[in-house]
Amino acid sequence: AEKAAKSSVVFDVKPWDDTTDMKALEEAVRKISIEGLSWGAAKLAPIGYGINKLQVMATIIDDLVPSTEVVEEQITELEDYVQSVDIAAFNKI
C-alpha cells in the first residue's frame with residue numbers, strides 16, 4: 001500500500017490582546033478534532049505590545065484533510081480567544 005501523503009502545517013493563532021489566556025487558547029485549539037489531523041508542538045512567539053501569538057504545528061493526511069481552510073475555520077470559531085489565524089508554514093512530508 002502507498003504511504004498516505006501528508007503535510008506539515010504551522011498555524012499562527014493571534015489572540016485579541018494581552019489579557020487573552022494563551023493556555024486556554026492552546027487547549028481549545030488542541031480540542032479541535034478532524035479525522036486526519038494531529039496536533040504537534042506549540043510555542044508562544046511575541047508579536048509586540050506584550051502580546052504573544054500561538055504557533056502550533058499540525059500534521060494532516062492530505063486525502064482526509066484536502067484543505068487547511070477547514071482547520072482555520074474551526075480555529076477562528078474560538079472567538080473568545082482568537083482574533084485571526086494564518087498559515088506560517090506549509091510543507092509536504
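**Exercise 1. The start of α1**

Task: Find which residue caps the N-terminal end of α1, and give the distance from its side-chain oxygen to the backbone nitrogen concerned.

Solution. The model is a predicted one. Step one: go to the N-terminal end of α1, where Asp 21 acts as the cap. Step two: take a side-chain oxygen of Asp 21 and the backbone nitrogen of Lys 23; they lie 3.0 Å apart.

**Exercise 2. The buried face of α1**

Task: List the buried residues of α1, decide how they are arranged around the axis, and name elements that cover them.

Solution. Step one: α1 spans residues 22-30. Its buried residues are Met 22, Ala 24, Leu 25, Ala 28 and Val 29. Step two: look down the axis of α1. The buried residues fall within an arc of 155°, so they line one face of the helix. Step three: look for the cover. It includes the strands β1 (6-15), β2 (37-48), β3 (51-61) and β4 (82-92), and also α2 (69-76).

**Exercise 3. Assembling the sheet**

Task: Work out the strand order, starting from the bridges of β1.

Solution. Step one: count towards β3. There are 8 bridges between β1 and β3, and the two run antiparallel. Lys 6 has Ile 61 of β3 as its bridge partner. Step two: count towards β4. Here 9 bridges join the strands, again antiparallel. Pro 15 stands opposite Val 82 in β4. Step three: write the order. The result is an open sheet of 4 strands, β2-β3-β1-β4, with antiparallel pairing. Step four: mark the edges. β2 and β4 each pair on one side only, which makes them the edge strands. Step five: add the twist. Ignoring direction, neighbouring strands are turned by 20° against each other on average.

**Exercise 4. Placing the helices on the sheet**

Task: State which strands each helix touches, and give its angle to the named strand.

Solution. Step one: take α1. This helix packs on the sheet and touches β1, β2, β3 and β4. The direction of α1 makes about 15° with that of β3. Step two: take α2. It also packs on the sheet, touching β1, β2 and β4. The direction of α2 makes about 155° with that of β4. Step three: list the buried residues of α2. They are Val 71, Glu 72 and Ile 75. These residues cover an arc of only 100° around the axis, which puts them on the same side of α2. Step four: find their packing partners. The buried residues of α2 pack against β1, α1, β2 and β4.

**Exercise 5. The nonpolar core**

Task: Give the number of residues in the largest nonpolar core and name those with the most contacts inside it. Then list the contacts of Trp 39.

Solution. Step one: the largest nonpolar core holds 21 residues. Those with the most contacts inside it are Phe 11, Val 13, Val 29, Leu 37, Trp 39, Val 71 and Ile 75. Step two: assign the sources. At least two residues of this core come from each of β1, α1, β2, β3, α2 and β4. Step three: check how covered β1 is. Of its 10 residues, 8 are buried. Step four: list what Trp 39 touches, leaving out residues up to four places away in sequence. The list is Phe 11, Val 29, Arg 30, Ile 32, Val 56, Met 57, Ala 58, Val 71 and Ile 75.

**Exercise 6. Three loop residues**

Task: Classify Thr 20, Val 65 and Glu 79 as buried or exposed.

Solution. Step one: Thr 20 sits in the loop between β1 and α1. The cut-off for buried is under 20% relative accessible area. Thr 20 has 12%, so it is buried. Beyond four places in sequence, Thr 20 touches Pro 15, Leu 25 and Tyr 81.

Step two: Val 65 belongs to the loop between β3 and α2. Its relative accessible area is 3%, so Val 65 is buried. With residues up to four places away not counted, Val 65 touches Ile 34, Glu 35, Gly 36, Leu 37, Ile 60 and Val 71. Its C-alpha atom is 20 Å from that of Ala 42, 23 residues apart along the chain.

Step three: Glu 79 is in the loop between α2 and β4. Exposed needs over 50%. Glu 79 reaches 56%, so it is exposed. Glu 79 and Glu 26 are 53 residues apart in sequence, with 13 Å from C-alpha to C-alpha.

How values were computed
Residues numbered from 1 in each chain as written. Predicted model: local features only at pLDDT ≥ 70, side-chain atom pairs only at ≥ 80, totals over all residues. Heavy atoms only, no water. Buried < 20%, exposed > 50% of the residue type's maximum accessible area, 1.4 Å probe, protein only. Arc of directions from axis to C-beta. Contact = heavy atoms within 4.5 Å. Polar contact = N/O pair within 3.5 Å; in protein donor to acceptor, adjacent residues only side chain to side chain. Core = buried A, V, L, I, M, F, W, Y, C linked by side-chain atoms within 4.5 Å. Pairing = 2+ DSSP bridges. Axes fitted to C-alpha atoms, helices over the stretch in contact; angles between N-to-C directions.
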